Amino acid sequence: MAEEKAGSGFYADIVDGDVYKYFAHGEWKSSSSGRSVNIINPCTRTVVYRVQGCTQDEVDGVFESATIAQKRWAKTPLWKRAELLHKAAHILREHKEPIVDCLVTEVAKARKDSITEVLRSADFVSYCAEEGVRLLAEGKFLVGDSFPGNDRTKLCMASKVPLGVVLCIPPFNYPVNLAVSKIAPALIAGNAVVLKPPTQGAVAGLHMVRCFQEAGFPKGLISAVTGKGSDIGDFLTMHPAVNCISFTGGDTGIAISRRAGMIPLQMELGGKDACIVLEDADLDLAAANIVKGGFSYSGQRCTAVKVVLVMEDVADALVERVNSRLAKLTVGRPEDDADITPVVSESSANFIEGLVLDAREKGALFCQEFKRDGNLIWPLLVDHVRPDMRLAWEEPFGPVVPVIRITTVEEGVHHCNASNFALQGCVFTRDINKAIMISDAMETGTVQINSAPARGPDHFPFQGFRESGIGSQGVTNSILMMTKVKSTVINLPAPSYSMA
């Protein structure tokens with residue numbers, strides 16, 4: 001069988017000429033606007049794909065179809081919803097190669113990591129189907145006489161029902177995995193889905209939607225709209241048909257939350273994940289995790305190690321170990337599975353460079369030469385960073401990790417808690433009692449002990465505090481978040497008790 005390519009074979013229907021279509025009413029469509037949005041290859045900095053520039057009228061049509069389809073879908077048995085999700089997962093695995101190619105091309109993700117993203121996405125969909133069948137099958141039955149002053153004349157049946165239409169907005173760095181982590185829980189819970197993929201990563205997302213279409217979900221239940229945020233962004237997030245927003249990204253989410261009104265929000269908005277290293281830590285283990293946690297996918301992960309807070313007595317030894325490992329990282333093209341690949345855009349590279357130059361001007365010590373070629377930035381460890389430097393607080397989202405030397409544990413915890421971000425953190429120590437105490441003191445969504453921050457396994461709760469987010473993710477939490485509780489109360493003419 002010939003190797004599948006993006007926009008061909010199984011995926012041929014999703015492209016019109018050189019412009020990828022949007023998905024609405026169960027069909028792939030070209031926008032009436034006649035406009036398209038360019039997608040730039042981070043490596044070549046040239047246009048590699050184009051997607052439709054949808055209009056507000058077309059967005060209205062999508063929500064109208066979604067609202068109608070959701071009413072029918074809510075009456076679909078749980079086992080049938082799960083069956084279709086399992087089918088979608090199978091199709092994702094079967095037709096993964098073109099999606100992998102898109103991830104490599106659009107977001108410069110190493111090929112091996114792109115394969116992992118697609119397979120992890122399929123696993124998420126399958127797990128979500130299984131968890132949803134069991135979780136949503138359960139309700140509550142309550143009797144009235146447990147509350148003072150009441151007899152057993154009232155019986156309550158509480159069940160979980162869908163929210164309605166869920167707007168899903170994933171980020172560029174995981175445009176497939178962080179799309180399905182919203183779509184699958186929404187669908188198993190009986191909701192309709194409108195996907196607004198990120199511009200960088202949109203074509204990978206559209207290929208993923210094609211797999212869900214092939215699985216046989218009803219027309220209108222799943223939609224995907226593309227376009228400039230300035231044209232349809234606010235229109236989408238403020239649309240009266242939206243019953244829930246699940247968003248992963250940057251501080252745009254704060255603005256969305258302020259405008260959203262009285263609907264549930266699930267938001268993950270980035271982090272400045274702190275890594276605290278104590279004197280008794282296994283320094284080889286800590287160094288390995290700092291390199292893995294700080295530089296995987298060129299540091300473009302919300303859960304990347306963003307600042308190292310190391311006790312002064314072991315700082316030199318730790319820095320030496322980290323530098324030794326950094327020297328072994330390969331730098332280059334995602335097609336070649338390089339460890340460090342270009343960051344997503346020129347503006348991102350410029351921002352990272354600004355943070356680095358600010359640190360240098362204020363006296364930080366560069367452990368490597370700062371080197372940049374277009375969007376490609378070589379890995380850099382910046383030692384002796386102080387709190388007056390931007391790099392101590394701002395999220396670079398690139399292959400640059402600052403080291404702050406501390407003299408007390410309290411100093412490290414204080415820095416962690418003083419940040420606007422509070423997604424994850426980690427602590428390295430051989431003393432489990434210290435680890436637990438520090439974990440309790442760190443005001444952040446998750447604390448990893450003796451490992452780098454990470455999202456997953458995907459059934460674990462995943463959440464951020466402060467400006468890092470609202471609500472909690474993970475398979476179970478996402479399913480529950482995309483439902484609401486409905487009570488039916490039976491009123492009896494006389495108390496009803498079990499016969500002895």
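Start by selecting helix H7 (229–237), strand E12 (244–248), helix H8 (252–259) and helix H11 (346–361): each supplies at least two residues to the lining of the largest pocket. Keep in mind throughout that this is a predicted model.

**Stop 1: the largest pocket**

Stay with those four elements on screen. Colour H7 apart from the others, since H7 gives the most to this lining, with five residues. The space in the largest pocket comes to about 1,300 Å³. To find the middle, select Phe 247, Gly 249, Gly 250, Asp 251 and Thr 252; of the 44 lining residues, these are the closest to the centre of the pocket. Now colour the lining by class. You should see 20 nonpolar, 17 polar and seven charged residues around the largest pocket.

**Stop 2: the second largest pocket**

Move to the second largest pocket, which has a volume of about 570 Å³. Its lining has 24 residues, and the closest to its centre are Arg 120, Tyr 174, Ser 296, Arg 301 and Ala 454. Select those five and centre the view. Next, show helix H4 (111–135), helix H5 (177–188) and helix H9 (283–295), each of which supplies at least two residues to this lining. Which helix provides the largest share of the lining of the second largest pocket? It is H4, with four residues. Colour by class again. The lining of the second largest pocket divides into eight nonpolar, eight polar and eight charged residues.

**Stop 3: the cavities**

Leave the open pockets and look for enclosed space. How many cavities of 30 Å³ or more does a search of the whole structure find? The search finds three.

Take the largest cavity to begin with. About 70 Å³ of space lies in it. For its walls, select Phe 124, Ser 181, Arg 455, Gly 456, Pro 457, Asp 458, Phe 460, Phe 462, Gln 473, Gly 474 and Ser 478. By class, the lining of the largest cavity has four nonpolar, five polar and two charged residues.

Then go to the second largest cavity, with a volume of about 50 Å³. Select Lys 272, Asp 273, Ala 274, Cys 416, Phe 421, Ala 422, Leu 423, Gln 424, Thr 444 and Arg 466 to show what lines it. Switch to a cartoon view. Strand E14 (273–277) and strand E21 (421–422) each supply at least two residues of this lining. Here the classes are five nonpolar, two polar and three charged.

**Stop 4: a nonpolar patch**

Turn to the surface and select Phe 141, Met 157 and Ile 490. They form a nonpolar patch there, with about 290 Å² of accessible area together. Click on Met 157, which is found in strand E8 (residues 154–162). Met 157 has a relative accessible area of 40%, so it counts as partly exposed.

**Stop 5: salt bridges**

Show the charged side chains. A search of the whole structure finds 26 salt bridges. Three pairs and one network are on this tour.

- Select Arg 333 and Asp 336. Their side chains meet in a salt bridge at 3.2 Å, N to O. Arg 333 is partly exposed, at 44% relative accessibility. Asp 336 is exposed, at 53%.
- Select Lys 362 and Asp 358. Here the side chains form a salt bridge at 3.0 Å, N to O. Is Asp 358 buried or exposed? At 11% relative accessibility, Asp 358 counts as buried, because the cut-off for buried is under 20%. Lys 362, with a relative accessible area of 33%, is partly exposed.
- Select Arg 390 and Glu 394. This salt bridge spans 2.8 Å, N to O. Arg 390 is partly exposed, at 30% relative accessibility. Glu 394 is also partly exposed, with a relative accessible area of 27%.

For the last selection, pick Glu 312, Asp 316, Asp 383 and Arg 405. What links these four residues? A network of salt bridges joins Glu 312, Asp 316, Asp 383 and Arg 405. Show the side chains as sticks to trace that network.

Note on methods: Residues numbered from 1 in each chain as written. Predicted model: local features only at pLDDT ≥ 70, side-chain atom pairs only at ≥ 80, totals over all residues. Heavy atoms only, no water. 1 Å grid on protein atoms, 1.4 Å probe; cavity = no way out; pocket = protein on both sides within 12 Å on 5 of 7 lines; lining within 4 Å. Points joined across faces, edges and corners; volume = space filled by probe spheres on them. Nonpolar A, V, L, I, M, F, W, Y, C, P; charged D, E, K, R; others polar. Patch = residues over 30% accessible without salt bridge, like charges linked within 9 Å, V, L, I, M, F, W, Y side chains within 5 Å. Areas by Shrake-Rupley, 256 points an atom, 1.4 Å probe, with all protein chains shown as cover. Buried < 20%, exposed > 50% of the residue type's maximum accessible area, 1.4 Å probe, protein only.
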